[in-house]
There are 2 protein chains.
Amino acid sequence: MQTVIKKFKKNLQEENLKSTPQRLAILEEMMKTDEHLECEEILLKLKEKGNKVSRATLYRTMDILVKYKFVRKLEIGDGRVRYDSNLVHGKRNHDHMICLDSGDIIEFYNDKIEKLQNEIAEKNGYKIIRRVHQLFVKKV
Amino acid sequence: MQTVIKKFKKNLQEENLKSTPQRLAILEEMMKTDEHLECEEILLKLKEKGNKVSRATLYRTMDILVKYKFVRKLEIGDGRVRYDSNLVHGKRNHDHMICLDSGDIIEFYNDKIEKLQNEIAEKNGYKIIRRVHQLFVKKV
DNA sequence: TTCCTTGCAAAACATTTGCATGGGT
DNA sequence: ACCCATGCAAATGTTTTGCAAGGAA
């Protein structure tokens with residue numbers, strides 16, 4: 001995982017941003033979890049481990065991590081923003097199934113849907129930059 | 001369209017809610033537009049027509065309209081909540097393509113994706129209650 | 001007459017921002 | 001030494017809520 005940290009430092013450097021203990025602590029925290037964490041949860045985890053990071057810095061840093069695609073912002077419409085790490089076992093493209101009873105978030109991926117999406121965009125003269133696909137479900 | 005108003009009144013009655021001028025004005029406003037309106041825009045439109053509705057009532061009523069599926073809440077991740085009317089020319093199932101350059105919101109529907117989604121849910125022991133599918137695009 | 005509904009203003013909430021201080025490079 | 005980053009607290013923007021007054025049923 002050293003490579004991820006290296007990449008992050010390089011990314012920062014390229015924009016004249018500085019490699020600070022706070023930014024690294026946040027990155028490392030996001031590397032450790034495959035949950036979908038809210039800002040407050042991330043803040044709490046950091047605090048528990050003795051890493052003091054202010055709320056303002058957390059918010060500012062999450063924007064950076066999103067920009068570099070280390071994490072993805074996940075909004076399921078309940079007013080809480082969650083972050084989905086792209087750093088754990090190299091996961092990238094996936095969408096979410098949200099159980100309305102348990103609140104569980106299950107990831108899914110389907111190649112055919114992927115292709116159909118691209119066709120739809122193309123047909124309209126567009127290309128897809130990003131997408132959100134969420135299924136709100138209940139147990140049968 | 002009288003039937004929609006009738007249905008609304010019936011829905012209200014069934015929950016011991018009252019049919020008030022404010023609630024009806026909001027419903028009628030949503031029947032007239034096929035845009036994706038924000039709360040402030042709806043409020044403005046109502047005011048322009050001389051219908052005085054307070055912000056609090058608007059928010060409270062939109063929740064009711066969502067519950068009865070007269071409108072759909074649309075969140076495209078820019079921090080603004082929009083409402084998508086289900087009352088205009090009987091549109092129901094559709095998803096959204098959002099142009100990152102112009103901000104345009106284009107509606108789309110694809111039967112195959114629909115089927116694939118159902119299969120995915122089923123395979124995991126779930127049934128789909130609601131879904132969000134958004135493609136963020138740019139012109140080719 | 002009974003409650004539900006409204007409107008106002010205050011509260012709540014998440015996020016952003018200004019600014020003085022601190023810290024990478 | 002330069003200038004970016006941090007932390008705090010204040011500001012922001014949106015949505016929610018408590019409460020007194022008004023209005024359907």
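Of the atoms of DNA strand C that lie within 4 Å of the protein, 67% belong to sugar or phosphate, and the rest belong to bases. The model that shows this is a predicted one. There are 20 residues around DNA strand C, and those that come nearest are A:Y59, B:T20, B:R23, B:T57 and B:R60. Both protein chains are thus represented in that list, with A:Y59 from chain A and the other four named residues from chain B.

Some polar contacts with the phosphates of strand C can be followed one by one. A polar side-chain atom of A:Y59 is placed 2.2 Å from a phosphate oxygen of DNA strand C. For B:T20, a polar side-chain atom lies 2.7 Å from a phosphate oxygen of this strand. B:S54 takes part through its backbone: one of its polar backbone atoms is 3.0 Å from a phosphate oxygen of DNA strand C. In terms of secondary structure, two or more residues of the surface near DNA strand C are given by each of α4 of chain A, α2 (21-32) of chain B and α4 of chain B. The largest share, four residues, comes from α4(A). Sorted by class, the surface near DNA strand C holds seven nonpolar, six polar and seven charged residues.

The other strand can be read in a similar order. DNA strand D has 19 residues around it, of which A:T20, A:R23, A:T57, A:R60 and B:Y59 come nearest. Sugar and phosphate make up 69% of the strand D atoms that come within 4 Å of the protein. A polar side-chain atom of A:T20 is found 2.7 Å from a phosphate oxygen of DNA strand D. Two backbone contacts can be added. A polar backbone atom of A:K18 is 3.2 Å from a phosphate oxygen of DNA strand D, and for A:K52 a backbone N or O atom lies 3.3 Å from a phosphate oxygen of the strand.

The surface near DNA strand D draws at least two residues from each of α2 (21-32) of chain A, α4 (55-67) of chain A and α4 (55-67) of chain B. Here α4(B) supplies the largest share, four residues. The class count for the surface near DNA strand D is six nonpolar, six polar and seven charged residues.

The helices named above belong to a larger fold. Chain A contains five helices and six strands, and their order along the sequence is α-α-β-α-α-β-β-β-β-α-β. Along the principal axes, the C-alpha atoms of chain A fill a box of roughly 45 × 40 × 25 Å.

Within chain A, α4(A) packs against α2(A) at an angle of about 65 degrees, and the two axes are 10 Å apart. The crossing of α2(A) with α4(A) is right-handed. On the α2(A) side the contact is made by A:Q22, A:R23, A:I26, A:L27 and A:M30, and on the α4(A) side by A:T57, A:L58, A:T61, A:M62, A:I64 and A:L65. This contact has seven nonpolar, three polar and one charged residues. A:R23 and A:T57, which take part in it, are also among the residues that come nearest to DNA strand D.

Helix α4(A) has a further partner in helix α3 (residues 39-48) of chain A: their axes come within 11 Å and cross at roughly 115 degrees. This crossing, too, is right-handed. From α3(A), the residues in contact are A:C39, A:E40, A:I42, A:L43 and A:L46, while α4(A) contributes A:R55, A:L58, A:Y59 and A:M62. By class they divide into seven nonpolar, no polar and two charged. A:Y59 of this contact is also the residue with a side-chain atom 2.2 Å from a phosphate oxygen of DNA strand C.

In chain B, helix α3 (residues 39-48) and α4(B) pack at about 115 degrees, with axes 11 Å apart, in a right-handed crossing. The residues in contact include B:L43 of α3(B) and B:Y59 of α4(B).

Finally, the two chains meet each other. In this interface 31 residues of chain A are in contact with 31 residues of chain B. Chains A and B bury about 3000 Å² between them, with 67% of that area on carbon and sulfur atoms. On the chain A side, A:I120, A:Y126 and A:F136 lose the most area to chain B, together 21% of what that side buries.

Terms used: Residues are numbered from 1 along each chain as its sequence is written. Chains are lettered from A and ligands numbered from 1 in the order in which they are written. This is a predicted model: local features need pLDDT of at least 70, side-chain atom pairs count only at pLDDT 80 or more; totals for chains, interfaces and linings use all residues. Side-chain values use heavy atoms; hydrogens and water are left out. A residue is near a molecule or strand if one of its heavy atoms lies within 4 Å of it. A polar contact is a pair of N or O atoms within 3.5 Å; within protein, one must be able to donate a hydrogen and the other to accept it, and residues adjacent in sequence count only if both atoms are side-chain atoms. Ala, Val, Leu, Ile, Met, Phe, Trp, Tyr, Cys and Pro count as nonpolar, Asp, Glu, Lys and Arg as charged, and the others, Gly among them, as polar. Axes are lines fitted to C-alpha atoms, for helices over the stretch in contact, and angles run from 0 to 180 degrees between N-to-C directions. A crossing is left-handed if the near helix is turned anticlockwise from the far one by less than a right angle, and right-handed if clockwise. Contact means heavy atoms within 4.5 Å. Buried area is the accessible area (1.4 Å probe) that two parts lose on being put together, summed over both.
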